[in-house]
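Student: Please give a close account of the nonpolar core in this model, and then of selected residues elsewhere in the chain.

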Amino acid sequence: NDVYYGTSSGKIYKMFDGEVDDGTAISTILQTKDFSTPGIQYDKFMRAFYMSAAKLGTTDAVLTPTIYADQSHTATLSVITATSTNVKTYAEKSSQGAVGTHLGIKVDGVGRHKITQMLMKIQPEEDSEYSP
């Protein structure tokens, strides 16, 4: 079930295997959509971010989550280092200033890894008509 591919230089590679691309660490970027629930007219505060992840390769996976509010970078959270092949959940409190009508997360990663779950804890503004 392995998939192989070749290059014009005569090299053959196995897909989905390895941690480097010709000696350069493979990096990934994951960007969520902008969430606006309960409504675009209400400011929302990101209170916390949770991510379940594990490394897949032999080196630790390093993941850097960044909060985006109204499509602007507002805060970079603590770097997550997945050191085990067992899935572990990492929790990070949000910093002040992570507020807007639309909130999202971008995760930059280096090293082979898997992310099984991400969760943003969001609280609408207190004076909104929305009541949780």
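Tutor: The answer below begins with the confidence of the model, proceeds to the core, and then turns to individual residues.

The structure is a predicted model, in which local features need a pLDDT of at least 70 and side-chain atom pairs count only at pLDDT 80 or more, while totals for chains, interfaces and linings use all residues. Residues are numbered from 1 along each chain as its sequence is written, and side-chain values use heavy atoms, with hydrogens and water left out. Average pLDDT (the predictor's confidence in each residue, from 0 to 100) is 85 for the chain, and 94% of the residues score at least 70. Among the secondary-structure elements (DSSP runs numbered from the N terminus, strands being E runs of at least two residues), β3 has the lowest confidence, with a mean of 72. The highest value, 95, belongs to strand β9 (residues 80-82).

The largest nonpolar core (buried Ala, Val, Leu, Ile, Met, Phe, Trp, Tyr and Cys residues joined through side-chain atoms within 4.5 Å) contains 18 residues. Those with the most contacts inside this core are Met 46, Phe 49, Met 51, Leu 63, Ile 67, Ile 105 and Val 107. At least two core residues come from each of β6 (44-55), β7 (61-69), β9 and β12 (103-110). In soluble globular proteins, nonpolar side chains tend to be buried together.

Phe 49 shows the range of partners that one core residue can have. When neighbours within four places in sequence are left aside, Phe 49 is in contact (heavy atoms within 4.5 Å) with Pro 65, Leu 77, Tyr 90, Ala 91, Glu 92, Ile 105, Val 107, Met 118, Leu 119 and Met 120. Two of these partners, Pro 65 and Glu 92, are also touched by Ser 78, again not counting residues up to four places away in sequence. Ser 78 itself is placed in the loop between β8 and β9. With a relative accessible area of 39%, Ser 78 is classed as partly exposed, because that class lies between buried (under 20%) and exposed (over 50%), for a 1.4 Å probe and protein chains only. The C-alpha atoms of Ser 78 and Leu 63 are 9.0 Å apart in space, and the two residues are 15 apart in sequence.

Ala 98 belongs to the loop between β10 (88-93) and β11 (99-100). Its relative accessible area is 4%, so Ala 98 is buried. Beyond the four neighbouring places in sequence, Ala 98 is in contact with Lys 44, Phe 45, Met 46, Ile 67, Thr 74 and Leu 103. By contrast with those contacts, Thr 32, 66 residues from Ala 98 along the chain, has its C-alpha atom 15 Å from that of Ala 98.

Lys 44 and Phe 45 are also touched by Gln 123, together with Asp 43 and Arg 47, residues up to four places away not being counted. Gln 123 is placed in strand β13 (residues 113-124) and counts as partly exposed at 27% relative accessibility. Although 78 residues separate Gln 123 and Phe 45 along the chain, their C-alpha atoms are separated by 5.2 Å.

Strand β12 also contains Lys 106. This charged residue (Asp, Glu, Lys and Arg count as charged) has a relative accessible area of 19% and is therefore buried. Outside the four neighbouring places in sequence, Lys 106 is in contact with Ile 29, Leu 30, Gln 31, Thr 64, Pro 65, Thr 66 and Tyr 68. In strand β5 (residues 27-31), Ser 27 is exposed, at a relative accessible area of 54%. Ser 27 touches Gly 109 and Val 110, not counting residues up to four places away. Gly 111 is 84 residues from Ser 27 in sequence, yet 6.8 Å from Ser 27, C-alpha to C-alpha.

The loop between β7 and β8 (72-76) contains Asp 70, and Gln 71 is found in that loop as well. Most residues other than glycine have a negative phi. Asp 70 nevertheless has a positive phi of about 55 degrees, and phi of Gln 71 is positive too, near 65 degrees. Asp 70 is partly exposed at 38% relative accessible area, whereas Gln 71 counts as exposed at 62%.

Conventions
Helix = DSSP H or I, 4+ residues; strand = E, 2+ residues; numbered from the N terminus.
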